[in-house]
Amino acid sequence: MPVTQSIKCMICQGNCTSTYSKQPVRRLQTADITQYAKEAKDCDFITFVDSDDVVNKAYLAKLLGAMHQNTDVAVCKFFYFKDDSELISRHEYEKVELTNYDSESIAVAIFGGRVSAGPCAKLYRTSVIGNVRFPVGKIHEDVAFTPIVCYAARNTVCFDEELYYYRQHSNSTTHSRFTAKRYDVIWTTDLCIRYFESKGEVEIVKAAQKQKRYSLATFAILACRDKVKVPAEYRISLPKA
């Protein structure tokens with residue numbers, strides 16, 4: 001694949017140069033959906049990087065190299081870190097295992113936790129995203145984006161290699177005190193369940209429903225611990241949890 005292919009780097013503020021294509025790429029906030037729609041339409045590929053995360057210097061080269069004619073999404077693994085010093089000890093992989101997923105199996109893998117539901121650490125062919133957008137005003141909005149986009153892909157290839165370095169914060173959504181806002185993930189999962197029901201995808205619906213039950217049980221325990229009022233539609237008893 002020629003290196004002149006355009007890549008949109010959906011990151012944050014300012015401009016940068018891709019170490020792979022040597023072409024200028026625009027940095028945007030992941031959540032800026034209106035701007036995203038305007039900027040992305042003329043690009044062949046899109047990747048999302050949070051503003052305080054780091055990617056391996058070979059991130060784009062390796063993901064783009066996996067974009068064969070029938071592949072629409074390439075995925076790598078995360079390396080989680082809290083301090084920049086942890087990145088110094090990162091090592092290169094001598095042999096990388098690749099796994100190919102079709103439309104059904106990638107969605108099942110995402111809901112089963114075998115592939116991250118986050119939009120980052122992935123390179124997307126722009127055409128596969130189409131009109132799919134992150135729900136406005138929701139946290140865990142990626143749950144309503146990634147499974148649907150990957151399901152639309154003809155093929156998704158996953159690398160057994162940590163090329164995306166995710167910075168963990170003590171005050172992040174998943175590490176801070178539990179609040180009722182966390183139930184947004186149930187809302188986004190329900191959105192996916194309805195979508196895949198409309199497609200007749202029984203196995204994907206089962207995987208999403210299983211993930212929903214697990215989240216409801218976990219949240220019931222956390223809500224009790226932190227004395228958080230649970231939305232009525234999501235209440236379950238602690239014994240059931």
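Contact, as the word is used in this report, means heavy atoms within 4.5 Å. The structure described here is a predicted model.

**The nonpolar core**

Leaving aside its neighbours within four places in sequence, Tyr183 is in contact with Phe178, Leu216, Phe219, Ala220, Ala223, Val230, Pro231 and Tyr234. Tyr183 also stands out in the largest nonpolar core: of the 60 residues there, Tyr183 and Phe196 touch the most other members. The element that gives the most to this core is helix 7 (residues 202-225), with eight residues. In soluble globular proteins, nonpolar side chains tend to be buried together.

Phe178 belongs to the loop between strand 9 (156-167) and helix 6 (184-198). With a relative accessibility of 1%, Phe178 counts as buried. When residues up to four places away in sequence are not counted, Phe178 touches Tyr183, Phe219, Leu222, Ala223, Asp226 and Val228. One of these partners, Ala223, is 45 residues from Phe178 along the chain, yet the C-alpha atoms of the two are separated by 6.7 Å.

**Aromatic pairs**

The structure holds 19 aromatic pairs. The ring planes of Phe48 and Phe134 stand at 85° with the centres 5.9 Å apart; because planes over 60 degrees apart count as edge-to-face, this pair is edge-to-face. The two residues come from distant parts of the chain, 86 residues apart: Phe48 is in strand 4 (residues 45-48), and Phe134 is in the loop between helix 4 (126-129) and helix 5 (146-152). Phe48 and Phe134 are both buried.

Tyr124 and Phe145 form another edge-to-face pair, with 6.1 Å from centre to centre and 75° between the planes. Since Tyr124 lies in strand 8 (residues 122-125) and Phe145 in the loop between helix 4 and helix 5, the pair ties together parts that are 21 residues apart in sequence. Both Tyr124 and Phe145 are buried.

The two pairs are set out below.

| Pair | Centre to centre | Angle between planes | Separation in sequence |
|---|---|---|---|
| Phe48 and Phe134 | 5.9 Å | 85° | 86 residues |
| Tyr124 and Phe145 | 6.1 Å | 75° | 21 residues |

Ring pairs also link Tyr59, Phe78, Tyr80, Tyr164 and Tyr166 into a cluster. A charge over a ring is found at Trp187, where Lys138 lies over the face at 4.5 Å from the ring centre.

**A buried threonine**

Thr47 is placed in strand 4, the strand that also holds Phe48. The relative accessible area of Thr47 is 0%, so Thr47 is buried. Its side chain nevertheless has polar partners. One is the side chain of Tyr59, with which the Thr47 side chain makes a polar contact of 2.8 Å; Tyr59 is also a member of the ring cluster. A second partner is the backbone oxygen of Lys122, which lies 2.9 Å from a polar atom of the Thr47 side chain.

**Cysteines**

The structure holds zero disulfides. Cys76 is in no disulfide, and the nearest cysteine sulfur, that of Cys158, is 9.4 Å away. Because a disulfide requires sulfur atoms within 2.5 Å, that distance leaves Cys76 unpaired. Cys76 has a relative accessible area of 4% and is therefore buried. Cys120 is likewise in no disulfide; the sulfur of Cys76 is the nearest to it, at 9.9 Å. With 6% relative accessibility, Cys120 counts as buried.

Note on methods: Residues numbered from 1 in each chain as written. Predicted model: local features only at pLDDT ≥ 70, side-chain atom pairs only at ≥ 80, totals over all residues. Heavy atoms only, no water. Phe/Tyr/Trp six-rings, centres within 6.5 Å; stacked < 30°, edge-to-face > 60°. Helix = DSSP H or I, 4+ residues; strand = E, 2+ residues; numbered from the N terminus. Buried < 20%, exposed > 50% of the residue type's maximum accessible area, 1.4 Å probe, protein only. Lys NZ or Arg CZ within 6 Å of the ring centre and 35° of its normal. Core = buried A, V, L, I, M, F, W, Y, C linked by side-chain atoms within 4.5 Å. Polar contact = N/O pair within 3.5 Å; in protein donor to acceptor, adjacent residues only side chain to side chain.
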